[in-house]
Amino acid sequence: MAVKITGYETHDIRFPTSLTGDGTDAMNTDCDYSAAYVKLFTSTDLTGYGLTFTIGRGNDIVCMAIKELANRLLGKEVEELFANMGMTWDYLSADSQLRWIGPEKGVIHIALGAVGNALWDMYARARGKPLWKLVVDMTPEELVNATAFRYITDAITREEALEMLKAKAATKAEREARVKELGYPAYVTSAGWLGYSDEKVARLTKEAVEAGFNHFKMKVGADRDSDLRRGKIMRSIIDDPQYLPSGHKARDPNSPELVGKNAGPTGSVLMIDANQVWDVPQAIDYVKSLAEIKPWFIEEPTAPDDILGHAAIRKALKPYGIGVATGEHAHNRMVFKQLLQAEAIDVCQIDSCRLGGVSEVLSVLLMAAKFGVPVCPHAGGVGLCEYVIHLSLIDYIAISGTMERNVLEFVDHLHEHFLYPCSINKNGRYNVPSNPVEGYSIEMHQTSIAEFEWPHGSYWVNARAKA
Ligand SMILES: [Mg+2]
């Protein structure tokens, strides 16, 4: 009997992260990291898990949109869906009524991120492989078929994508072996949240250096003097060889993976992130005034839809050796296409579930590789680190073939809620997910759902009783 999709469940799960200042930046001042979570059930034990990330209020609205999209899968045979995931993606994203409340942006699109990823998770589980392995084992034709291509063929055609993938196919096994041995390079954000005191920033920065990291990100944009002060604190630690873990040598700032990144004397790199707070001229002025802390890039300097604004900022900051990064709020592949076409970014920061799931991510990975722009996915939040390691592995092994200049965001929050949490090795690099049953690594513990489901989970019931 053919396996069919028979039902689904959604869960509005919210963690009280606003209590500790975790996740605070210039724009998002009281985040309760949340997951709009979906389980897709079939006529067998096969289940798919997906989520999209929000920061609290509105998570219930995303769950409603997830239900609308999941309804479209009921009764479908899973093997027919898996056979051409690009067509499946077109089907899910192009409901003739639902697309009016996007199209391909906002609540309906991040809901597609959850549902699309749940289907990919199910596909990987059905094949007994982690998601990244499912995708890198595809032939170039299969991978192109799994990609969302509508509206981007002026930037990359299927034929060009096929050629690029074929050129990399023979050496995939070498790269897979290499990254399994070394791990995938990561950077930390958790030391530099705006809500933290100077003492906490210093302590967390030292801990991050000790843990083997050499790329560090700091939130900026609320107060220039404070940004400069915190930046100098971080620089004073990351540039000082005495804090390097024993056995770790300083890295050469002029090595190929560091050149152009404003690396300090120990090879450490600092990045800054403004989370969209500035107008374009303000962004240029403000970031120029932080030049002495030598950032590699400014992330999200202005409105995420302002492609030409990002291009203007990039041009103005180039003489200062500071680049521009964005993408965590780029709502679809067309925004990335234009950012690349307009030469507006130095670093492409895809988000695993603001884009409509793996199929749309593949289209951005292919475009970024064609334009020669490194992909450093957005993570943190809840579940995003679990997701993105898969995407960076796909990028390195099958698509761009490069990893040492790339770094993948890592934030050490909330991993304990997942059955297959991501992990970091002693050199500050992500380990490669290897469990054949983990799919896209996003399945949450039932106990976590019971505790943090909004508004009737045990945590929230107790919090209200105490209030
Ligand atoms: Mg950011």
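**Figure 1. Met403 and its surroundings in the predicted model.** Met403 sits in the loop that runs between helix H15 (384-399) and strand S10 (408-410). All the views here show a predicted model. Met403 is buried because 24 C-beta neighbours fall inside 10 Å, where 20 or more are needed. Look for Val179 in this view: 224 residues separate Val179 and Met403 along the chain, yet their C-alpha atoms are 8.8 Å apart. Val179 is also one of the residues that Met403 touches, together with Tyr184, Pro185 and Tyr396, when residues up to four places away in sequence are not counted.

**Figure 2. Leu414, a residue with positive phi.** Beyond S10 the chain enters the loop that leads to strand S11 (429-430), and Leu414 is found there. Leu414 is not a glycine, but its phi is positive, at about 70°. Leu414 counts as buried because it has 23 C-beta neighbours inside 10 Å.

**Figure 3. Lys294, a second non-glycine residue with positive phi.** The loop shown here links helix H11 (280-288) to strand S7 (295-299), and Lys294 belongs to this loop. Phi of Lys294 is about 55°, a positive value in a residue that is not a glycine. Lys294 is partly exposed, since 18 other C-beta atoms lie within 10 Å. For orientation, the unreviewed UniProt entry annotates residues 198-320 as "domain: Mandelate racemase/muconate lactonizing enzyme C-terminal". That span is 39% helix and 12% strand, and 27 Å separate its end C-alpha atoms.

**Figure 4. Where domain 1 meets domain 2.** The domain assignment splits the chain into domain 1 (4-158) and domain 2 (173-430), with C-alpha centres 24 Å apart. Across the boundary, 43 residues of domain 1 are in contact with 45 residues of domain 2. On the domain 1 side, two or more residues each come from strand S2 (34-42), strand S3 (47-54), helix H3 (85-93), helix H4 (106-126) and helix H5 (131-136). H4 gives the largest share of this side, eight residues. By class, the domain 1 side that touches domain 2 has 26 nonpolar, 13 polar and four charged residues.

**Figure 5. Helix H1 packed against H4.** Here H4 meets helix H1 (residues 59-71) at an angle of about 65°, and the two axes are 8 Å apart. The crossing is right-handed. H1 brings Ile61, Val62, Ala65, Ile66, Leu69 and Ala70 to the contact, while H4 brings Val107, Ile108, Ile110, Ala111, Leu112, Ala114 and Val115. This contact is made up of 13 nonpolar residues, with no polar and no charged ones.

**Figure 6. Leu134 in helix H5.** Leu134 is part of helix H5. With 25 other C-beta atoms within 10 Å, Leu134 is buried. Setting aside neighbours within four places in sequence, Leu134 is in contact with Tyr123, Ala124, Arg127 and Lys129. Gly439 is worth finding too: Gly439 and Leu134 are 305 residues apart in sequence, but 8.9 Å apart from C-alpha to C-alpha.

**Figure 7. Two cis peptide bonds.** The bond from Gly102 to Pro103 is cis, with omega near -15°. Pro103 lies in the loop between H3 and H4. Trp454 and Pro455 are also joined by a cis peptide bond, with omega about 0°. Pro455 has its place in the loop between helix H16 (446-452) and helix H17 (458-466).

Notes
Residues are numbered from 1 along each chain as its sequence is written. This is a predicted model: local features need pLDDT of at least 70, side-chain atom pairs count only at pLDDT 80 or more; totals for chains, interfaces and linings use all residues. Domain bounds come from an automatic or database domain assignment. Two residues are in contact if their C-beta atoms, placed from the backbone, lie within 7 Å. Helices (H or I, at least four residues) and strands (E, at least two) are DSSP runs, numbered from the N terminus. Ala, Val, Leu, Ile, Met, Phe, Trp, Tyr, Cys and Pro count as nonpolar, Asp, Glu, Lys and Arg as charged, and the others, Gly among them, as polar. UniProt positions are given in the numbering used here, feature names are shortened, and annotations may be inferred rather than shown by experiment. Axes are lines fitted to C-alpha atoms, for helices over the stretch in contact, and angles run from 0 to 180 degrees between N-to-C directions. A crossing is left-handed if the near helix is turned anticlockwise from the far one by less than a right angle, and right-handed if clockwise. A residue is buried if 20 or more other C-beta atoms lie within 10 Å of its own, exposed if 12 or fewer, and partly exposed in between; C-beta atoms are placed from the backbone.
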